[in-house]
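Hi,

Here is the structure I promised to pass on. Have a look at it first, then read my notes below.

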Amino acid sequence: MKQVKLALLGGKPAVPAGAIRKWPPIDSSDEDRVLASLRGDNHAYGPNCRAFEDEFAAWNGNRFAITTNSGTAALHMGVAACGCGAGDEVIVPAYSWSSSATCVLHHNAIPVFVDIDYDTMNIDPARIEAALSERTRAIIAVHLHGLPASMDPILEIALRHGLKVIEDCCQAHGAEYKGTRVGRLADCGAFSFNQNKCLCSGEGGMFVTDNEEILQRARMVWSFGETRTPAKDRDYHAYALGWMYRNNDLTAAFGRAQLAKLDAYLETAARNARILAAGVRDIPGLQPPTVPEGHKTNWYNFTCHVDGAAYGYQGPPARFRNAVMKALQAEGVPVEVWQDFILPEMTVFQAQNAYGQGSPWNYGRRLSYDPALFPVARKHCETHFGMTVPLRAPNDELVAQHVGAGIRKVFERIGDLDIDALGAETGV
Ligand SMILES: *Cc1c(COP(=O)(O)O)cnc(C)c1O
């Protein structure tokens, strides 16, 4: 006799409807700053942009910051500023957001993928050296889902081979490695302020560095190839190929208001994650996020791995995962597959169609982007689900408890689910 029926089978959802509130919270401090910008007279790269740069650099402990219209722009600036050019190779994890790799193509350089570590979901440092060649110039260290990459071995390899290291901090605001904030661990870093990130200004980004030479090179890429900033006297001369990656005043005003609340947001996420992790502890077949010693995550995404073998399921791993996700979603637990493909599988790499006419590969090596070379990243695609919003402010401990209870409920009643029928359907 089942006391509690799964919501998928007509029971009551574990998470009450409307309990999970949207991200980000907006209050009068956001409204005041944005309205003041609107009433000002510089809507382009205005005073809020300069203040946002100063405040973000101070918050993160960087010497320099340049605010951009996206995290992707900041990544491209890093690739260019680190001296990667036509045909040069840059090491990138096989599993990340597309722009961790396409930022390399933007500067006519060639991404070389390296498989990930299953538990941390970040690049596996033990596999980097085998991917290096004479053309390798840099490594993009992605702190995926807010967990810092294993920086000591990455920096050690970079030092030994004379490579630059660019941190992709787009999901990792406030994360730390051995007590140091991400964005301060290598040559330069890129943050995103897109809707889903832990600091949201709609869209937007920040390039950070402590190196003056890298700063100047990044600045040229950022604004039309000019060497002077829009704030100072400009001569409007393109000294090199530049883009238009500047942020605007309204967005920066929103970003400043959110930055003032970022520490409190991160504390909320850490508290909620602790409660959720406790709620799902020791569930057979469920592996909650791994946080190795010395790593401090910002809990951007609470990503778990599932293993149907714990329930005697022998079919395709993705089918089990999809069936469990459907049951969780019915309980009101908003789990998602973050990405069910690895980067080398994307058409831009399979077809090698970046700039056309073979570019950038014709300047260097033509690489094989065979997905079979990245078995760990492939496995991750089939076995994970994650969630972001339930951990974030304004959601509190009660939401974390509901979500944890919903997950436990589904795993305790796996036997009630027709895994093959549910998991084979699409639409999760
Ligand atoms: C979001 C994200 C980016 C890109 O940031 P945008 O602001 O959307 O351009 C890059 N890398 C990772 C890991 C991201 O999550």
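What follows is a short tour, from the overall picture down to single residues.

Keep in mind that this is a predicted model. The secondary structure adds up to twelve helices and 13 strands. The C-alpha trace spans about 80 × 55 × 40 Å along its principal axes. How does the radius of gyration fit a compact globule of 428 residues? Such a globule would come out near 22 Å, and the protein has 22 Å, so the two agree.

A few more totals for the protein: 55% of the 428 residues count as buried. Among contacts with a separation of 6 or more, 72% are between residues 24 or more positions apart. The accessible surface is about 17,500 Å², and carbon and sulfur atoms account for 50% of that. As for charges, there are 41 positive and 48 negative ones, and their mean positions are 2 Å apart.

Now for single residues, beginning with Asn298. You'll find Asn298 in the loop between β11 (295-296) and β12 (302-306). Is Asn298 buried or exposed? Its relative accessibility is 3%, so Asn298 counts as buried, the cut-off being under 20%. Which backbone oxygens does its side chain reach? One belongs to Gln171, at 3.0 Å, and another to His173, at 3.1 Å. Leaving out residues up to four places away in sequence, Asn298 touches a list of residues that includes His145, Gly146, Cys198 and Leu266.

His145, one of those contacts of Asn298, deserves a visit too. His145 sits in the loop between β4 (136-142) and α5 (151-161). At 4% relative accessibility, His145 is buried as well. His145 is not a glycine, yet has a positive phi of about 55 degrees. Phe224 is another non-glycine with a positive phi, here about 60 degrees. Look for Phe224 in the loop between α6 (212-222) and α7 (249-279). With a relative accessible area of 37%, Phe224 is partly exposed.

Why point these out? Most residues other than glycine have a negative phi, and most peptide bonds are trans. On the peptide side, Trp23 and Pro24 are joined by a cis bond with omega about -5 degrees. Pro24 is in the segment before α1 (28-39). The bond from Ser359 to Pro360 is also cis, with omega near 5 degrees, and Pro360 lies in the loop between α9 and α10.

Helix α10 itself covers residues 375-383, and its buried residues include Val376, Ala377 and Cys381. What covers them? Among the elements that do are β12, α8 (317-330) and β13 (384-387).

Two more loop residues to click on:

- Leu185 is in the loop between β7 (180-181) and β8 (188-192). Leu185 is buried, with a relative accessible area of 14%. Apart from residues up to four places away in sequence, Leu185 touches Met151, Leu155, Glu167, Tyr177 and Thr180. Its C-alpha is 10.0 Å from that of Pro148, which is 37 residues away along the chain.
- Met346 is in the loop between α8 and α9 (347-350). Met346 counts as partly exposed, at 24% relative accessibility. Outside its neighbours within four places in sequence, Met346 is in contact with Ser98 and Phe341. The C-alpha atoms of Met346 and Thr180 are 34 Å apart, with their places 166 residues apart along the chain.

Cheers

Key:
Residues numbered from 1 in each chain as written. Predicted model: local features only at pLDDT ≥ 70, side-chain atom pairs only at ≥ 80, totals over all residues. Heavy atoms only, no water. Helix = DSSP H or I, 4+ residues; strand = E, 2+ residues; numbered from the N terminus. Buried < 20%, exposed > 50% of the residue type's maximum accessible area, 1.4 Å probe, protein only. Polar contact = N/O pair within 3.5 Å; in protein donor to acceptor, adjacent residues only side chain to side chain. Contact = heavy atoms within 4.5 Å. Rg over C-alpha atoms; globule rule 2.2 N^0.38 Å. Areas by Shrake-Rupley, 256 points an atom, 1.4 Å probe, with all protein chains shown as cover. Lys, Arg positive; Asp, Glu negative; His and termini not counted. Charge placed at Lys NZ, Arg CZ, Asp CG, Glu CD.
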